[in-house]
Amino acid sequence: MRTYHKAYVYLTCGSRLLVFSQPDQPDVGLQVPGGTLDPGESHLIGAKREFFEETGLDLDIAFHHLADQDLVYRMATGELHGLHRRRHYHAAIHSVPAEEWEHYEMMPSFGGPPIRFRLFWLDLDSERARNPENFFAEFAAPLDELRARVEGTRP
C-alpha cells in the first residue's frame, strides 16, 4: 500500500472554522485546506504551502500541532489510493478576511484541471459542524480537540 504524507490547517476565528466545499462536485463533503507534501518537504512547510494554494491567503501566523491521523483512503476513481498519514495544524486569526470567497486549486495532487473551492466560515458549535457526515474523509475527527482549544480548556 502506498503511503501519502499530508498536512492540513484548521484555521479558526473565535469559534468559527474555515472550511470549503467543491461547487462542481456537490457530493463531496466539507474539507479544510491542506494536501499532499512534496518530496522532502516538512509537514509544517507543506501545511503553509497547501493552505496558501487552496485559499489564496498568505498569513503570517503560528501553526500549532493539533492531531495526527492515519486514514486508509480509497476513491471510486482510483486517485490517491493508500495510507494517508495526516498531520493537522491549528492556527487562529482575530478577524476574518472575507465571509466567503471562491478560489481554485491549480495543481491537484492527482493532476487534472483546476478544482473550484467555495471557502466559508462554519461555527464549530453549529449542528452542521457537529455532524461528522457533513465532512469528507474524516476531516471532522479532530473537531472535539479543536473545540476544546478554542474554548480555552486546553493549551
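This passage walks through a predicted model, from its paired strands to its pockets and one of its helices.

A good place to start is Thr12, a residue of strand S1, which covers residues 3–13. With a relative accessible area of 2%, Thr12 falls under the 20% cut-off and is therefore buried. Its side chain joins that of His90 through a polar contact of 2.7 Å. His90 also appears among the residues that Thr12 touches, leaving aside those up to four places away in sequence; the others are Leu17, Ala91, Ala92, Ile93, Trp121, Leu124, Leu146 and Val150.

From S1 the chain leads on to strand S2, residues 16–21, and the two strands form a hairpin with two residues between them. Gly14, in the turn of this hairpin, has a positive phi of about 65 degrees. The pairing of S1 with S2 is antiparallel and runs over two bridges, and Cys13 stands opposite Arg16 of S2. S2 is mostly covered, as five of its six residues are buried. S2 also pairs with strand S7, residues 115–123, again in the antiparallel sense and over six bridges. Within this pairing, Val19 has Phe120 of S7 as its bridge partner.

Attention can now turn to the pockets. The largest pocket holds about 480 Å³ of space. Its lining is made up of 31 residues, and those nearest its centre are Gln22, Gln31, Leu80, Phe110 and Phe136. Two or more lining residues come from each of S1, strand S3 (34–36), helix H1 (43–55), strand S5 (82–92) and S7. Sorted by class, the lining of this largest pocket has 15 nonpolar, nine polar and seven charged residues.

The second largest pocket has a volume of about 170 Å³. Tyr4, Thr36, Leu37, Asp38, Pro39 and Arg49 belong to its lining, together with Glu50, Glu53, Leu80, Met107, Pro108 and Ser109. Leu80 is thus a name to look for twice, as it lines the second largest pocket and is also listed among the residues nearest the centre of the largest one. Helix H1 gives the most to the lining of the second largest pocket, with three residues. By class, this lining has six nonpolar, two polar and four charged residues.

Further along the chain, the loop between helices H2 and H3 contains Ala137 and Glu138. Most residues other than glycine have a negative phi. Against that background, Ala137 has a positive phi of about 45 degrees, and Glu138 has a positive phi of about 65 degrees. Their exposure can be set side by side: Ala137 has a relative accessible area of 18% and so counts as buried, while Glu138, at 46% relative accessibility, counts as partly exposed.

The loop is followed by helix H3, residues 143–150, whose buried residues are Leu143, Leu146, Arg147, Ala148 and Arg149. The cover over these buried residues includes S1, S2, strand S4 (64–73), S5 and helix H2 (127–130). Leu146 of H3 links back to the opening of this tour, being one of the residues touched by Thr12. Just after H3, Gly152 takes a positive phi of about 85 degrees.

Terms used: Residues numbered from 1 in each chain as written. Predicted model: local features only at pLDDT ≥ 70, side-chain atom pairs only at ≥ 80, totals over all residues. Heavy atoms only, no water. Helix = DSSP H or I, 4+ residues; strand = E, 2+ residues; numbered from the N terminus. Buried < 20%, exposed > 50% of the residue type's maximum accessible area, 1.4 Å probe, protein only. Polar contact = N/O pair within 3.5 Å; in protein donor to acceptor, adjacent residues only side chain to side chain. Contact = heavy atoms within 4.5 Å. Pairing = 2+ DSSP bridges. 1 Å grid on protein atoms, 1.4 Å probe; cavity = no way out; pocket = protein on both sides within 12 Å on 5 of 7 lines; lining within 4 Å. Points joined across faces, edges and corners; volume = space filled by probe spheres on them. Nonpolar A, V, L, I, M, F, W, Y, C, P; charged D, E, K, R; others polar.
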